[in-house]
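Me: I am new to this structure and would like to go through it slowly, one question at a time. Could you reason each answer out before you name the result?

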Amino acid sequence: MSGAQTTGRRRGPRASLKQLVPYLLTQRGPLTLALALGIVGAGTSLAQPVLLGQVIERVQLSQPLGVLLVILSVLVVVDALLSGFQHYVLQRMGEGVVLHSRRTLIARILRLPIGEFDRRRTGDLVSRVGSDTTLLRAVLTQGMVEAISGLLVFFGALIGMLVIDPVLFGITFSVVVIALMIVVAVSAKIRPAVTQAQQKVGDLAAQVERSISSIRTIRAAGATHREQRATEAEAEEAYVLGLKVAKISALIVPISFLALQLSFLVVLGLGGYRVAIGAIGIAQLVMFIVFLFLMVAPLGQAFGAIAAVNQALGALGRIQEIVTTPAENDHDVALAPAGRIVPLAEQAQPDAPAIRFNDVSFTYRSAAPARIDARELVRSGRGGRGAWRDAEAAPAEIVETSVLKNVSFEIARSSRVALVGPSGAGKSTTLALIERFYDPDSGSIELHGVDLRNLDRGELRAQLGYVEQDAPVLAGSLRDNLLLGSPDASDAECIRVLRAVNLGGLLERTAANLAHIGSASTHIDSAPDHIGSAPDTENVESLGESNLPPTSDIAAAHLSRALDAEVGERGIMLSGGEKQRLAIARTLLSAP
Ligand SMILES: Nc1ncnc2c1ncn2[C@@H]1O[C@H](COP(=O)(O)OP(=O)(O)OP(=O)(O)O)[C@@H](O)[C@H]1O
Ligand SMILES: [Mg+2]
């Protein structure tokens, strides 16, 4: 691991305001609209105290008010409507940013090098897409834009106050500035706390994922209670870290409350005195107070926004950590000994063996997920500050497992070769190297005499039919699973490969169930269990009538429909052998 990476891990993922900007800029339209609405809204808000002052002066001079009152009421209504519209635009923008960040994350996660998945936990990655992105929305809704438009009202009100009475203004302003400085200082502490809280949520998601995906093993082992405790422990730690964030942000509430209360008291007391000595009139004092009210709202927003932005940056750090991890093929050109990616046809040597390993050595660099770190964090958080720092500094431990050492062999074309060896010898690893899930540390692997690193990964993998040892089956239908690698295959081809791997029986059984249900709709209740969705009633009716299509057509139609049978989450509705054969059928279908 390089030094830079080590320091990165030590500090934990961090993000700055600058990194937030590109996410905001994806929403240029709504952003502009929200800002424009903000400016108009600020104008209507600021006009109100001025008009109010006029009303009071006219009342004092016993002049008619008609038009002024109408204008004032219209302004108030327009202001209210505008703020509602702005609220919607902001929410929409927030959702847009969440969508953008999710898209970016999904695109990157699906392209991360396989090694990254040896070092990260599924649940944590899922939680980054689900939970961390949501926090970004807060910046926009209760955050930045509202604060920016609020800023206009704030400064407008300040100027109004300054014009009315510089003395009163000076005192109010100092109170506000001091409060603002305290809030900024306190909020800075929110950012790392949120990162840790979100990391814990990631750990929790990973733990839940582990429990659910191995629920049968856990039940069989009688470990339900222990697993529950472990999962609850993660949830409690997330709670403790969440409380830490809550405590920091709660500090902001009394500070802003005190600041506002204090400035009101000062203005009322001192203002009353200044009216009494004749320095200002009643109308001026009322205007000043309304300006103060106007200033308070954006100030509260600003306090909230500072906290919200810091929260979002805490989550953004975790998002950026994934987004800035290079994708699998980002450095392919640099890795290629030829200095560029070369098409296979251009380089392939007709007399070279199909596969050749030249003195290949390979070491896994995986990590046991660093959940201990977070656990320590919580414990030391209760203990003392120093321990907290230590836990934060603990780098994730990368475990090196040297698997292949100076391996050389050749596989001739059109030959059938079995790789035999004890468990853990490195057979699956050898295949993973051929698929280029990993690159060797030293030596080289050739396909038709071409170094794999010179080839486009997509082209290389299209040349190979690969069935994983665990033969994963994806949630969805039989057809979804078959079409994974060859989206354009016809039903007939699907049926052919299923028969080739001896899954014809399964398909016919499912089809027979459909036919049975179709021809004897009264017997639906007694229909045996089958993998497959409920039959659709339209078809049931048409099959029950006398003008039936020829039997073979029925069979073909049913077989096609049987392809839509659901296999369940990770193929849970299939037997172990059926899963493996389905995976083989998928590979046969996309065979080069
Ligand atoms: N992702 C990984 N990270 C770290 N070590 C790994 C990883 N995958 C495998 N190993 C280690 O590499 C060694 C070889 O594993 P491999 O899966 O290649 O064995 P195998 O020959 O296929 O065994 P089996 O016959 O049991 O399938 C094992 O000791 C294993 O612990
Ligand atoms: Mg294996």
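**Around the ligands**

Reply: Let us begin with one residue of this predicted model. D118 has a relative accessible area of 25%, and because buried means under 20% and exposed over 50%, D118 counts as partly exposed.

Me: Where does D118 lie, and how far is its C-alpha atom from that of S366?

Reply: D118 belongs to a helix that covers residues 114-119, namely α5. Along the chain D118 and S366 are 248 residues apart, yet in space their C-alpha atoms are separated by 5.1 Å.

Me: What is the C-alpha distance between D118 and A367, and is A367 buried or exposed?

Reply: A367 lies in strand β1, and its place in the sequence is 249 residues from D118. With a relative accessible area of 13%, A367 is buried. From C-alpha to C-alpha, A367 and D118 are 6.6 Å apart.

Me: How many residues surround ligand 1, and which are the closest?

Reply: By class, the shell around ligand 1 has 4 nonpolar, 8 polar and 2 charged residues. In total 14 residues surround ligand 1, and the closest are S366, S423, K427, S428 and T429.

Me: Which element gives the most residues to the shell around ligand 1?

Reply: Three elements each supply at least two residues of this shell, and they are β1 (355-367), β2 (398-411) and α16 (427-434). The one that gives the most, with 3 residues, is α16.

Me: Which polar atoms of the protein lie by ligand 1, and how much of the ligand does the protein bury?

Reply: A nitrogen atom of ligand 1 is 3.4 Å from an N or O atom in the side chain of D118, whereas the side chain of S423 has an N or O atom 2.6 Å from an oxygen atom of the ligand. G426 takes part through its backbone, where an N or O atom lies 2.8 Å from an oxygen atom of ligand 1. Taken alone the ligand exposes 640 Å², and of that the protein buries 67%.

Me: Which residues coordinate the magnesium ion, ligand 2, and at what distances?

Reply: The two residues come from distant parts of the chain, 41 residues apart, with S428 in helix α16 and Q469 in the loop between α17 (457-462) and α18 (478-483). The magnesium ion is coordinated by the OG atom of S428 and the OE1 atom of Q469, at 1.9 to 2.2 Å.

Me: Why does S428 count as partly exposed but Q469 as exposed?

Reply: The label depends on relative accessible area, because exposed means over 50% and buried under 20%, with partly exposed in between. S428 has a value of 38% and is therefore partly exposed. Q469 counts as exposed, since its value is 59%.

**Aromatic pairs and backbone angles**

Me: How many aromatic pairs are found, and how are the rings of F264 and F293 arranged?

Reply: A search of the whole structure finds 8 aromatic pairs. In one of them, F264 and F293 have ring centres 4.9 Å apart and planes at 50°, so this pair is tilted. F264 lies in helix α10 (residues 224-276) and F293 in helix α11 (residues 282-323), so the pair ties together parts whose separation in sequence is 29 residues.

Me: Is F264 buried or exposed, and is F293 buried or exposed?

Reply: The relative accessible area of F264 is 18%, so F264 is buried. F293 has a relative accessible area of 52%, and therefore F293 is exposed.

Me: How are the rings of F362 and Y438 arranged, and which residues form one aromatic cluster with them?

Reply: The ring centres of F362 and Y438 are 5.3 Å apart and the planes stand at 50°, so the pair is tilted. F362 is in strand β1 and Y438 in the loop between α16 and β3 (442-447), 76 residues apart. F362 counts as buried at 3% relative accessibility, and Y438 counts as buried at 13%. The one cluster is formed by F362, Y364 and Y438.

Me: What is the phi value of S414, and where does S414 lie?

Reply: Most residues other than glycine have a negative phi. S414 lies in the loop between β2 and α16, and S414 is exposed, with a relative accessible area of 82%. Although S414 is not a glycine, its phi is positive, at about 50°.

Conventions. Residues are numbered from 1 along each chain as its sequence is written. Chains are lettered from A and ligands numbered from 1 in the order in which they are written. This is a predicted model: local features need pLDDT of at least 70, side-chain atom pairs count only at pLDDT 80 or more; totals for chains, interfaces and linings use all residues. Side-chain values use heavy atoms; hydrogens and water are left out. A residue is near a molecule or strand if one of its heavy atoms lies within 4 Å of it. A polar contact is a pair of N or O atoms within 3.5 Å; within protein, one must be able to donate a hydrogen and the other to accept it, and residues adjacent in sequence count only if both atoms are side-chain atoms. Accessible areas come from the Shrake-Rupley method with a 1.4 Å probe; for residues, only the protein chains shown count as cover. Helices (H or I, at least four residues) and strands (E, at least two) are DSSP runs, numbered from the N terminus. Ala, Val, Leu, Ile, Met, Phe, Trp, Tyr, Cys and Pro count as nonpolar, Asp, Glu, Lys and Arg as charged, and the others, Gly among them, as polar. Donors are N, O and S atoms within 2.8 Å of the metal (3.2 Å for Na, K and Ca); water is not among the atoms, so sites may look incomplete. Buried means under 20% relative accessible area, exposed over 50%, partly exposed in between (1.4 Å probe, protein chains only). Rings of Phe, Tyr and Trp (its six-membered ring) pair if their centres lie within 6.5 Å; planes under 30 degrees apart count as stacked, over 60 as edge-to-face and the rest as tilted.
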